[in-house]
4 protein chains.
Amino acid sequence: MALSRTGPVRSEAARLAILDAAVSLFTERGYDHLTMEGIARRAGVGKQTIYRWWPSKGDVIAEAILEGRLLGGRRDLPDTGDARADLAAWLTDLFTLRASPDGEGLLRSLVAAAAGSAETGRRLRAEILAAPLSHRLSQAMGGITGPRLDAAADALLGAVILRALSREDFGQDDMLLLVDAIVGPAAR
Amino acid sequence: MALSRTGPVRSEAARLAILDAAVSLFTERGYDHLTMEGIARRAGVGKQTIYRWWPSKGDVIAEAILEGRLLGGRRDLPDTGDARADLAAWLTDLFTLRASPDGEGLLRSLVAAAAGSAETGRRLRAEILAAPLSHRLSQAMGGITGPRLDAAADALLGAVILRALSREDFGQDDMLLLVDAIVGPAAR
Amino acid sequence: MALSRTGPVRSEAARLAILDAAVSLFTERGYDHLTMEGIARRAGVGKQTIYRWWPSKGDVIAEAILEGRLLGGRRDLPDTGDARADLAAWLTDLFTLRASPDGEGLLRSLVAAAAGSAETGRRLRAEILAAPLSHRLSQAMGGITGPRLDAAADALLGAVILRALSREDFGQDDMLLLVDAIVGPAAR
Amino acid sequence: MALSRTGPVRSEAARLAILDAAVSLFTERGYDHLTMEGIARRAGVGKQTIYRWWPSKGDVIAEAILEGRLLGGRRDLPDTGDARADLAAWLTDLFTLRASPDGEGLLRSLVAAAAGSAETGRRLRAEILAAPLSHRLSQAMGGITGPRLDAAADALLGAVILRALSREDFGQDDMLLLVDAIVGPAAR
DNA sequence: TGATAATCGAGACGGTACGTCTAGTCTTGGT
DNA sequence: ACCAAGACTAGACGTACCGTCTCGATTATCA
């Protein structure tokens, strides 16, 4: 016998309002200033409605990212034919991206989210960033797949993350050097 | 002639008590659960004494790391003659390290600290992890230096950071593959 | 139609716990040692719950007094038929009253509260002390009312306050003289 | 044999700077906002220099008042020949006086000081306010002295204090009524 | 004429309380 | 059962003062 349930079903309007609010607050003030209270206020939603569906602010953000609300089309790499240049451009864009015009680096905020939320961490590598990167990288490296490709993708993305954390400035040239260090040898 | 000031001098005992407290709380509960209030309580110190010398908990931790209180000897790489194996072993150790027996990964906590504190971020790459790594890595790569070496070191360390954030398990073999992806071609 | 609001309603249990705590701390240690933090601790209540309903400790005490928790029956004057003696006895009692067995004078603490809190100041004269006094005083002075009565009541109560502030000792005889100075002439 | 002492003697400059600072801060912000730290800062003096000579801020203020720095000539009553009007005018002035142009009532601040400091309390009645009042009052009441005069003075001054605490407005007419209530009967 | 000792400005120290903010839970009334 | 609203306990935030202490420099008196 199936378990039956009565009452209204989850409100899609509330879900969207919450994700919208979370995204706009994240881009305005960064992950550390993001609060459940603030999301609820801006979304015009009771706090309980958030806690009912997400265990933490990290998971709200994880879902928002997953739906492409934070990075939009930026997850996809350009394809100009020059794989080396495409990769460097994409990495530079990721590195340079600000959450808001005068705000924190978006990548750094993303790392903060990943450090605090298992779900975001999982997705950061598996779906959000590493996955789109992998595809183009595979082409550049002669169609390799498997652990060898994963290592290269992790190395590229990880280096940019580490550099974002270091607060130093890196430009297009540095990224090209980075791409060469990982892709170059295989391409030579 | 410099302006001189008289009066009591900074208490070294208080400084040490604060760093000790910060380190023990960090290893017990991780960076996110670390609080100024908690540090002051455990150190037996007024909160103002912390704020007088450090702007944030991130900077307290940064100083503790800098003095080797968090990583101890682990910052130095082994030297068995087999550079490839040494690097993989060191990375695996870093990846595996727990803050406490049942605790969070120490590397992940370190990344959280770096994401929140500019000072820790700067040092994470410049002094704490990348620097010791660079030396051994240079040997393994035929004595190269400069941006090419930096790129390799960032790639190696960054990959491990990204993998730590992803919460997946990686073992010695994966690290060896990683080392090969970056060092290998040059070493071959 | 009035704007309606839904949601949880103010907790009467919390309100009472706060007033109880405030009163017991006030009588134990006096107004200057009374703290919001201490009230919250003893009441087993979050600080925010106090700040939500009262702007300052003075207003908490004002409400406690208004509900008769601090002076109890002492606000009412005795009626033995001898108005002169009744008034003197009441004033002496007020003057002599300690907040706790070994504590500060309660009247002095009350004055401190009134000096610091507009609400308490207002009520000290209007409701708490002067009002009960006025009634009996009117009888003693041949049923007068209005500004003339107010002046007499203020003079009587004010004199006792001033004497409490002076830390000198005054006894029943002094109070009788005081009553005579204000009521006497009219009663003679 | 007398105990001998060597070393520099108390600095009069420091004493004056402290009293000046205390007075100016008192008149600017009132007794409750007066702090030892603030006095020291404004006076350009070490905190210890204050604590060496005065046990509390109340005692600093008490000394300042005693030297006429707070009330100046206002402690003396006018003498126009009309004692009744002189008394009312003096009381009104006392009641109306602001600590600063836009500040708290000075009398209320004085009462706060008296409630908190035994020394100030003692002097408020004995020397500062009641004493000057007594002289003129004695004339107005036919030269009486002793407890009867004290009662009248306490009643007059006390009434004004109580009214200041109540935050209500009282004008010249009210004060005249008050004077009549206490002086009048005897003068009739 | 030193040595001695109390003074001074400055400010670090261990604490307590401030008033605000957020976490996560619970309660109410409405849909 | 869900929702918006928001009160509840709990506790951290960063700041302001408390009263004590330590520091080095500066006087005065006494040996």
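Reader: Why is the meeting of the side chains of Arg136(A) and Asp79(A) called a salt bridge?

Author: The term asks for a side-chain nitrogen of Lys or Arg within 4 Å of a carboxyl oxygen of Asp or Glu, and in this predicted model the N to O distance between Arg136(A) and Asp79(A) is 2.8 Å, so the pair satisfies the definition. The two residues stand 57 apart and link distant parts of the chain, since Arg136(A) belongs to helix α8 (residues 130-140) of chain A, whereas Asp79(A) sits in the loop between α4 (57-66) and α5 (83-96) of chain A; helices here are DSSP runs (H or I) of at least four residues, numbered from the N terminus. Over all chains, a search of the whole structure finds 68 salt bridges.

Before going on, note that residues are numbered from 1 along each chain as its sequence is written, while chains are lettered from A and ligands numbered from 1 in the order in which they are written. As the model is predicted, local features need pLDDT of at least 70 and side-chain atom pairs count only at pLDDT 80 or more, although totals for chains, interfaces and linings use all residues, and side-chain values use heavy atoms, with hydrogens and water left out.

Reader: What makes the side chains of Arg125(A) and Glu168(B) a salt bridge?

Author: The N to O distance in this pair, which joins chain A to chain B, is 3.2 Å, and that meets the rule already given, so the name applies. Four salt bridges are found across the interface of chain B and chain A.

Reader: How many residue pairs are in polar contact between chain B and chain A?

Author: There are eight such residue pairs, both partners at pLDDT 80 or more; a polar contact is a pair of N or O atoms within 3.5 Å, where within protein one must be able to donate a hydrogen and the other to accept it, and residues adjacent in sequence count only if both atoms are side-chain atoms. On the side of chain B that touches chain A, at least two residues each come from α6 (106-116), α7 (118-128), α9 (147-166) and α10 (172-182) of chain B. The most is given by α9(B), with 14 residues. By class, that side of chain B has 20 nonpolar, five polar and nine charged residues.

Reader: What area is buried between chain B and chain A?

Author: It is about 2,900 Å², of which carbon and sulfur atoms give 67%, and the value is the accessible area (1.4 Å probe) that two parts lose on being put together, summed over both. In chain B, Arg125(B), Leu162(B) and Arg167(B) lose the most area to chain A, together 22% of what that side buries.

Reader: How do you know that Arg52(B) is placed for a polar contact with DNA strand E?

Author: A polar side-chain atom of Arg52(B) lies 3.1 Å from a phosphate oxygen of the strand, and this is inside the cut-off stated above, so the pair qualifies. A phosphate oxygen of DNA strand E also lies 2.9 Å from a backbone N or O atom of Met36(C), and one is 2.7 Å from a side-chain N or O atom of Tyr51(C).

Reader: Which residues come nearest to DNA strand E?

Author: Of the 43 residues around the strand, Gln48(A), Arg5(B), Thr6(B), Glu37(C) and Lys47(C) come nearest, where a residue is near a strand if one of its heavy atoms lies within 4 Å of it. The surface near DNA strand E has twelve nonpolar, 19 polar and twelve charged residues. Of the strand's atoms within 4 Å of the protein, 62% belong to sugar or phosphate, and the rest to bases.

Reader: What turn and shift lay chain D on chain C?

Author: A turn of 180 degrees with a shift of 0.1 Å along the axis does so, with an RMSD of 0.2 Å, and that is the relation of a two-fold axis. In chain D, the C-alpha nearest this axis is that of Gly158(D), 1.8 Å from it. The superposition is by least squares on the C-alpha atoms of residues with pLDDT of at least 70 in both copies.

Reader: How do you know that the copies meet through the same surface?

Author: Because 100% of the interface residues of chain D are also interface residues in chain C, the copies meet through the same surface. The contact (heavy atoms within 4.5 Å) takes 34 residues from chain D and 34 residues from chain C. One salt bridge here joins Asp154(C) and Arg163(D), at 2.5 Å from N to O, and the count between these two chains is four.

Notes:
Nonpolar A, V, L, I, M, F, W, Y, C, P; charged D, E, K, R; others polar.
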